[in-house]
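Me: I have a protein model open, and I would like to learn how to read its helices. Could you walk me through it?

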Amino acid sequence: MESDYDELDRRLVHALQINGRAPFTAIAEVLGVSDRTIARRYARLRSAGAVRVLCGVDPTALGAVLWFLRVRCAPAASLPVAEALARRPDTSWVSLSSGGTEITCVVRTESEADSEALLLAKLPRTPRVEGVTAHSVLHAFYGGPDNLVGKLGSLDAEAIERLRPPPVPHRPGPVRLDDGDRKLLALLSTDGRAGFEELAAATGWSPTTVRRRMAELREHGLLYLDIDVDWRMFGVNTRTLLWLSVVPAHLEEAGQALARHPEIAFAAATTGPTNLYASVVCTNQQELYRYLTTRVAALPAITHLETAPVIKTVKKAANQT
């Protein structure tokens, strides 16, 4: 429950969202407590599964395509099928929604041939799957390195500026991964605060090489710092998926407006039967109703809206390399 956490917990999590690899001494100075207090708080929260700093990977930087799949099953079959999808290395955010008759997941495909094999052959032939709707992600308005903690956190502008790391320059061009990169990303996907010595031991590189390669991968847009949080810390108890149809001329405007809403954890333009997808988090059903009838109702040129409450999350984001 929210009462299990206090304001220092929330301020610490907000600080880690701003700079997940900031030294505890720097965070402590900004928050006005001792570095030992910060270290103890982080250790407690991490051991309880309430917070985890990790490095996310944007697979589109490697040329991959992301798909949202809506897989319809008979209620008795939905959980086994969802668990089977969760075991695949190319899936993330596998959820049961719509009363347990639909599975929603993100699937990464490496090529057009992979997309064709997944969408036309593999899934429809899976026993107990009654239908599949596929939505390719065309453009993300909010998500990835943009974490919801940044909207919910209570640190003021001065504290945020003191913690904010230097901007990362953009490095154009393709990026290719070798075995050392994959070992680096695998460790960072579970502990984004892993030290350079630990990362060097895992990769066989020197700490200097690790530091340089992490900087290169961030400059290419492949690697970014992220944070996994028990959202009850911020009073969030429900997640709902929105599938919207927007007049194309207003799609960009509607997507940008959605991205600014404090309730939005992810928003993207997609292909498929609808063209705008969003993940919404709220305190309860009453707050969801308020959100739908005020902020969403005010969006321009919405012609269709479908809501799908998430009843179980089978798999969250995974290292996608």
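Reply: Happy to! Let us begin with the neighbours of a helix. In H9, the buried residues pack against H8 and H10. Keep in mind that this is a predicted model.

Me: Which residues of H9 are buried?

Reply: A residue counts as buried when its relative accessible area is under 20%. In H9 that holds for Leu199, Ala200 and Thr203. Because these three cover an arc of only 105° around the axis, they lie on the same side of H9. On the other side of H9 you will find Glu197 and Ala201, which are exposed.

Me: What comes after H9?

Reply: Look at Gly204, which follows H9 and has a positive phi, near 85°.

Me: Now for the other helix you mentioned. Which residues of H8 are buried?

Reply: H8 covers residues 179–188, and its buried residues are Gly180, Asp181, Leu184, Leu185, Leu187 and Leu188. Their arc around the axis is only 165°, so they too sit on the same side, this time of H8.

Me: What do the buried residues of H8 pack against?

Reply: There are two strands and two helices to find: strand S1 (51–57), strand S6 (223–229), helix H9 (196–203) and helix H10 (207–219). You have already seen this contact from the side of H9, whose buried residues pack against H8 and H10.

Me: How should I read the start of H8? What does Asp178 reach there?

Reply: Check for side-chain atoms that come within reach of the backbone. Here, a side-chain oxygen of Asp178 comes to within 3.0 Å of the backbone nitrogen of Gly180. Asp178 itself belongs to the loop between helix H7 (157–163) and H8.

Me: Is Asp178 buried, exposed or partly exposed, and why?

Reply: Partly exposed is the label for values between the buried limit of 20% and the exposed limit of 50%. Asp178 has 40% relative accessibility, so it counts as partly exposed.

Me: Last topic: pockets. What is the volume of the second largest pocket, and which residues are closest to its centre?

Reply: For a pocket, ask about its volume, then its lining. The second largest pocket has a volume of about 380 Å³. It is lined by 16 residues, and those closest to its centre are Arg21, Phe196, Arg211, Ala215 and Arg218. H10 supplies the largest share of that lining, with 5 residues. Sorted by class, the lining has 11 nonpolar, 4 charged and 1 polar residues.

Conventions:
Residues are numbered from 1 along each chain as its sequence is written. This is a predicted model: local features need pLDDT of at least 70, side-chain atom pairs count only at pLDDT 80 or more; totals for chains, interfaces and linings use all residues. Side-chain values use heavy atoms; hydrogens and water are left out. Buried means under 20% relative accessible area, exposed over 50%, partly exposed in between (1.4 Å probe, protein chains only). Helices (H or I, at least four residues) and strands (E, at least two) are DSSP runs, numbered from the N terminus. The arc is that of the directions from the helix axis to the C-beta atoms. Contact means heavy atoms within 4.5 Å. A polar contact is a pair of N or O atoms within 3.5 Å; within protein, one must be able to donate a hydrogen and the other to accept it, and residues adjacent in sequence count only if both atoms are side-chain atoms. On a 1 Å grid over the protein atoms alone, a cavity is a set of points where a 1.4 Å probe fits but cannot get out, and a pocket is an open set with protein on both sides within 12 Å along at least five of seven lines; lining residues have an atom within 4 Å of a point. Grid points are joined across faces, edges and corners, and a volume is the space filled by probe spheres set on the points. Ala, Val, Leu, Ile, Met, Phe, Trp, Tyr, Cys and Pro count as nonpolar, Asp, Glu, Lys and Arg as charged, and the others, Gly among them, as polar.
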